[in-house]
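Here are some exercises to work through with the model open beside you. Try each one yourself before you read the solution.

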Amino acid sequence: MTKLFRSNRLLALLAILFAFALVGAACGNDDDDAAPSQPAAPSDDAGDDGAADDGAADDGTAPSDDGAADDGAADDGATDDGAADDGAADEGDTVVRLGIMAECEGAFGGFHEDVTAGAVFALVRHAGATPNSSTTALEGFSGAEVAGVPIELVSIGCGDDTADRAIQEIRKIVEQDGANVVIGPLSGDEGIAIANYALDHPEVTFINGISGAQDSTLHVRAPNFFRFNGDGAQWNAGIGDILYNDAGWRTAAVIADDYGFGWTSAAGFVADFCAAGGEIVAQVFPPLGTTDYSSFVQQLPDPDEVDGYFWVVGGTGTNASLEAFLNAKGDLTGDQHAGNLFFSPALAEALGTDIAGAYVAGFATLPGDVSTPAIQAYLADADAAWESLAGALSGNEPAAPSLAMGFGFAYGYYSAGLALVTALEQVDGDLSNNHAALREALSNITLDAPYGPISLDENRQAIVDTFVARLVLNDDGQVVQETVAIVPGVDQTFGGTYSPDTAPPERDNTPCEVRSLPWQGNLIPVVDGVPQN
């Protein structure tokens, strides 16, 4: 492994990044803080094309109809290129007509700019594209080309973390706007719905953005749907082992968002903790987007009845759920708490420094206390691509683009764009036969990505290195995130725990059993940002 070194600048940025993460997620629901460009309204004739199969309910959020994010895309010179009205690709495809399934509303609506920028940045960095604006990615790009094949942005979709809305948006992107390649979506139930939609649209190639429900690739297994990021279970590899063997937990309670990603993330922790010998004594599942968590926290055991709590509550809910815990259960001790990717130093802003000591599971990028020349070059190139971006991590206010690009939501979309460019280069731009050569290349490439190599398994799902971190007090008395260990080579089967024949994770399906996992005893310690391999 490349020798890594500590970057104080990145560590400081990380603290700022997380400090605004929850605020940014909330901005997706606030018209005053909306993303700079609004999405196109979904097609009036859009149906639920199988979305109901993933169990996601319609939350009643009305699609936005007061403007079009893809209006900006039209300015980038994209043309119809002879696409059929239904958007179907054909044997004569000579242009990549790209649609980006982004996220402008719901619990993660504040990341609309971030994820769009992630996909655009990959084309700026690797396909010669030029952003059409120096301050937003939502206005598209110009001049992207790989192996003589132009890449044109035809549409930016507006997700709201629900499957119903995702189907509406993806039908517009593909069937009206004519996309033959789609990057996205962000959220778990959206990913399951779009993977099912892909089964019925073999003429289109879909590359996941950052959604992390296990079902999308392990069970749906659409041959034209590719995911270059881990799922929620993979990201939690190693943390249960550390909590059992290092922190001394023997029992744990879990509180998790009640949807596809929440189930998957909770299942990963349960599998890891139980594999080491731990016991799960309670699981509570509040609906995604809950604002009052008091009744759900009351269902958790008291602090003297359990060794620890694992939190899988994201978006706008992380801080709110922990505040409800304080109100119901008394003082919060960091050593008794751990969480998935949504745990951050920003929690100290409302909860105080007692949150220090909590462990944090991994995500798509390494924490900011770990750096390599590749990571530094990636972040520097982001700052050169735009003057500023108003992403969620800066409260949707203009900030350095590297702030957004260094977090997993944007990086997932960047990885998807990098995969598209890399595969196009390998096949010399061949889009014939329903992208047969392109898909073969996507299935077999290993991405030389900034935060480490990414390859796919037989289900077109990423095999990833992930990490475990901890919230600690620095010398100034501030809560920061410190990497504890890297967990190498985590695959979606979770060391044989899951397979296409096992039922997908749901609220009542998170098996707990002692078993051997490949990374047990093989975690790579990290000291001062340097892996000790």
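**Exercise 1.** How many of the residues of α16 are buried, and what does that say about the helix?

*Solution.* Keep in mind that this is a predicted model.
- Start with the helix itself: α16 covers residues 408–426.
- Check its length next. With 1.5 Å for each residue, the 19 residues should span 27 Å, and the C-alpha atoms at the two ends sit 26 Å apart, which agrees.
- Now apply the cut-off: a residue is buried when its relative accessible area is under 20%.
- By that test 17 of the 19 residues of α16 are buried, so the helix is largely enclosed by the rest of the structure.

**Exercise 2.** Find the residues with the most contacts inside the largest nonpolar core, and the element that gives the most to this core.

*Solution.*
- The largest nonpolar core has 111 residues, and Leu98, Phe228 and Phe409 have the most contacts inside it.
- The top contributor to this core is α16, with 12 residues.
- Apart from this core lies another one, of 35 residues, including Ala237, Val254, Ala256 and Val312.
- Zoom in on Phe228: leaving out residues up to four places away in sequence, Phe228 touches Ile207, Ser415, Ala419, Leu442, Ile445, Leu447, Ile454, Leu456 and Ala462.

**Exercise 3.** Work out what surrounds the largest pocket.

*Solution.*
- Take the volume to begin with: the largest pocket holds about 620 Å³ of space.
- Its lining is made by 35 residues, and Ala449, Pro450, Tyr451, Gly452 and Pro453 are the ones nearest the centre.
- The elements giving two or more residues to that lining are α4 (112–126), α14 (373–385), α16 and β15 (462–473).
- Of these, β15 provides the largest share, 5 residues.
- Sort the lining by type and you get 22 nonpolar, 10 polar and 3 charged residues.

**Exercise 4.** Is Ser216 buried or exposed?

*Solution.*
- Locate Ser216 in helix α7 (residues 215–220).
- Its relative accessible area is 1%, so Ser216 is buried.
- Then look at the neighbours. Not counting residues up to four places away in sequence, Ser216 touches Gly188, Gly191, Ile192, Ala195, Arg221, Phe225 and Arg227.

**Exercise 5.** Track down the backbone oddities at Pro185, Asp428 and Asp528.

*Solution.*
- Pro185 sits in the loop between β6 (181–183) and α6 (188–199). The peptide bond leading from Gly184 into Pro185 is cis, with omega near 15°.
- Asp428 comes just after α16, in the loop that runs on to α17 (432–444). Asp428 has a positive phi of about 55° although it isn't a glycine. With 60% relative accessibility, Asp428 counts as exposed.
- Asp528 belongs to the loop between β17 (524–527) and β18 (530–531). Its phi is near 50°, again positive in a residue other than glycine. Asp528 counts as exposed too, at 52% relative accessibility.

**Exercise 6.** How many residues apart along the chain are Gly148 and Asp428, and what separates their C-alpha atoms in space?

*Solution.*
- Gly148 lies in the loop between β4 (145–146) and β5 (149–159), and it's exposed, with a relative accessible area of 53%.
- Along the chain, Gly148 and Asp428 are 280 residues apart, while their C-alpha atoms are separated by 7.9 Å.
- For the whole protein, take the contacts with a separation of 6 or more: residues 24 or more positions apart account for 74% of them.

Note on methods
Residues are numbered from 1 along each chain as its sequence is written. This is a predicted model: local features need pLDDT of at least 70, side-chain atom pairs count only at pLDDT 80 or more; totals for chains, interfaces and linings use all residues. Side-chain values use heavy atoms; hydrogens and water are left out. Helices (H or I, at least four residues) and strands (E, at least two) are DSSP runs, numbered from the N terminus. The expected span of a helix is 1.5 Å times one less than its number of residues. Buried means under 20% relative accessible area, exposed over 50%, partly exposed in between (1.4 Å probe, protein chains only). On a 1 Å grid over the protein atoms alone, a cavity is a set of points where a 1.4 Å probe fits but cannot get out, and a pocket is an open set with protein on both sides within 12 Å along at least five of seven lines; lining residues have an atom within 4 Å of a point. Grid points are joined across faces, edges and corners, and a volume is the space filled by probe spheres set on the points. Ala, Val, Leu, Ile, Met, Phe, Trp, Tyr, Cys and Pro count as nonpolar, Asp, Glu, Lys and Arg as charged, and the others, Gly among them, as polar. A nonpolar core is a set of buried Ala, Val, Leu, Ile, Met, Phe, Trp, Tyr and Cys residues joined through side-chain atoms within 4.5 Å. Contact means heavy atoms within 4.5 Å.
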